[in-house]
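Welcome, and please open your viewer. We will take a short walk, one selection at a time.

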Amino acid sequence: MAGLGDSALALVTDKAVVGEARREKFRMLLNDHFDLNWIGQFVLGRNWRRASPEQRETYLKLFEESIVFTYTNQFDNYSGQKFEVTGSGENGRYTVVKSNIVDPASPQGNVLIDWRLIEDGGQFKIVDVVIEGISMGITQRNEYSSVIESNGGKIEPLLARMEEILEGLRKRT
């Protein structure tokens, strides 16, 4: 976990890696260490079963692209932070790794992050990130569910909204 954190922070703070190269390096980190299919299904919740195979494929592509653009667009705001693993333990079927992003310039700005992992075939993959006690998976699930429910339980409006948000993120690069 410390290796992932160090790699991520090195990527975030490397001002020589920009644009599409930065996004591709981040995408590789994401795919190597996160179970995006598991996360994507969890976030879509019971609506996953309602989605057609084509909608699922489109959704997972948009989901990954949204994560890549959301986080790489924010990388310019980071500098000098350190990643510290502070502990780990079991919580039901999850292994939880506790960490802290330490900002030497602003100790009040330190961020507590718990990483929930599951083991699959002898390899651990991250399935949720809990920042200061807030699950990113559950937060995203609530947002997506709200869009689907406010559109009569249809998946297409969510896909259209995700594409719209992604287009806005692409324009900010």
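Which residue in E4 is the bridge partner of Ile-118? Select Ile-118 and look across to Lys-125, its bridge partner in E4.

Before moving on, a word on what you are viewing. This is a predicted model, in which local features need pLDDT of at least 70 and side-chain atom pairs count only at pLDDT 80 or more, while totals for chains, interfaces and linings use all residues. Residues are numbered from 1 along each chain as its sequence is written, and side-chain values use heavy atoms, leaving out hydrogens and water.

Next, select residues 111-120, strand E3, together with residues 123-131, strand E4 (strands are DSSP runs of E, at least two residues, numbered from the N terminus). E3 and E4 pair in the antiparallel sense over 8 bridges; strands pair if DSSP finds at least two bridges between them. Follow E3 to Asp-120, which stands opposite Gln-123 in E4. The two strands form a hairpin with 2 residues between them, and Gly-121 in that turn has a positive phi of about 65 degrees.

Now add residues 134-135, strand E5, which runs antiparallel to E4 and is joined to it by 2 bridges. Here Val-130 stands opposite Ser-135. In this hairpin, also with 2 residues between the strands, click Glu-132 to find a positive phi near 50 degrees.

Finally, zoom out to the open sheet of 5 strands, ordered E1-E2-E3-E4-E5 with antiparallel pairing. Strand E1 (82-91) and E5 stand at the edges with a single partner strand each, so one side of each has no neighbour in the sheet.

Definitions and conventions: Helices (H or I, at least four residues) and strands (E, at least two) are DSSP runs, numbered from the N terminus.
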